[in-house]
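Here is a friendly briefing to read alongside the model. Have a look at the structure first, then work through the points below.

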Amino acid sequence: MDATRQQEIEERAYALWEAAGRPEGDADRFWHEAQMESDGATTAAGTEPEAQDPPAAAKPGKKTK
């Protein structure tokens, strides 16, 4: 996964997590939701999406900059 795409997924997962009230224990759910959104956008652009588990530091609640 390229760094730009990973950063976009990270930021979207964090936004989804915040919008849901910052629930504990659902980091993977938000990461996968953000990744699915990105995959849909990527697929629509004509490229093949790449599935990957979220990096530990990118999970919601552990905002990195």
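**Helix H1, face by face**

In this predicted model, the residues of H1 that count as buried are Arg5, Ile9, Glu10, Ala13, Tyr14, Leu16 and Trp17. Viewed down the axis of H1, these buried residues fall within an arc of 170°, so they line one face of the helix. The general geometry helps here: an α-helix has 3.6 residues a turn, so residues three or four places apart point the same way.

**The other side and the length of H1**

- Thr4 and Ala19 are exposed, and they sit on the face of H1 turned away from its buried side.
- Helix H1 covers residues 3-19, and its 17 residues should span 24 Å at 1.5 Å a residue.
- The C-alpha atoms at the ends of H1 are 24 Å apart, which agrees with that expected span.

**The ends of H1**

- At the N-terminal end, aspartate 2 acts as the cap of H1, with a side-chain oxygen 3.2 Å from the backbone nitrogen of threonine 4.
- Glycine 21, just after H1, takes a positive phi of about 90°.

**The chain as a whole**

- The protein chain contains two helices and zero strands.
- It has 65 residues, of which 28% count as buried.
- Among contacts in the protein chain with a separation of 6 or more, 48% come from residues 24 or more positions apart.
- The protein chain exposes about 4200 Å², and carbon and sulfur atoms supply 50% of that area.

Terms used. Residues are numbered from 1 along each chain as its sequence is written. This is a predicted model: local features need pLDDT of at least 70, side-chain atom pairs count only at pLDDT 80 or more; totals for chains, interfaces and linings use all residues. Side-chain values use heavy atoms; hydrogens and water are left out. Helices (H or I, at least four residues) and strands (E, at least two) are DSSP runs, numbered from the N terminus. Buried means under 20% relative accessible area, exposed over 50%, partly exposed in between (1.4 Å probe, protein chains only). Contact means heavy atoms within 4.5 Å. Accessible areas come from the Shrake-Rupley method with a 1.4 Å probe; for residues, only the protein chains shown count as cover. The expected span of a helix is 1.5 Å times one less than its number of residues. The arc is that of the directions from the helix axis to the C-beta atoms. A polar contact is a pair of N or O atoms within 3.5 Å; within protein, one must be able to donate a hydrogen and the other to accept it, and residues adjacent in sequence count only if both atoms are side-chain atoms.
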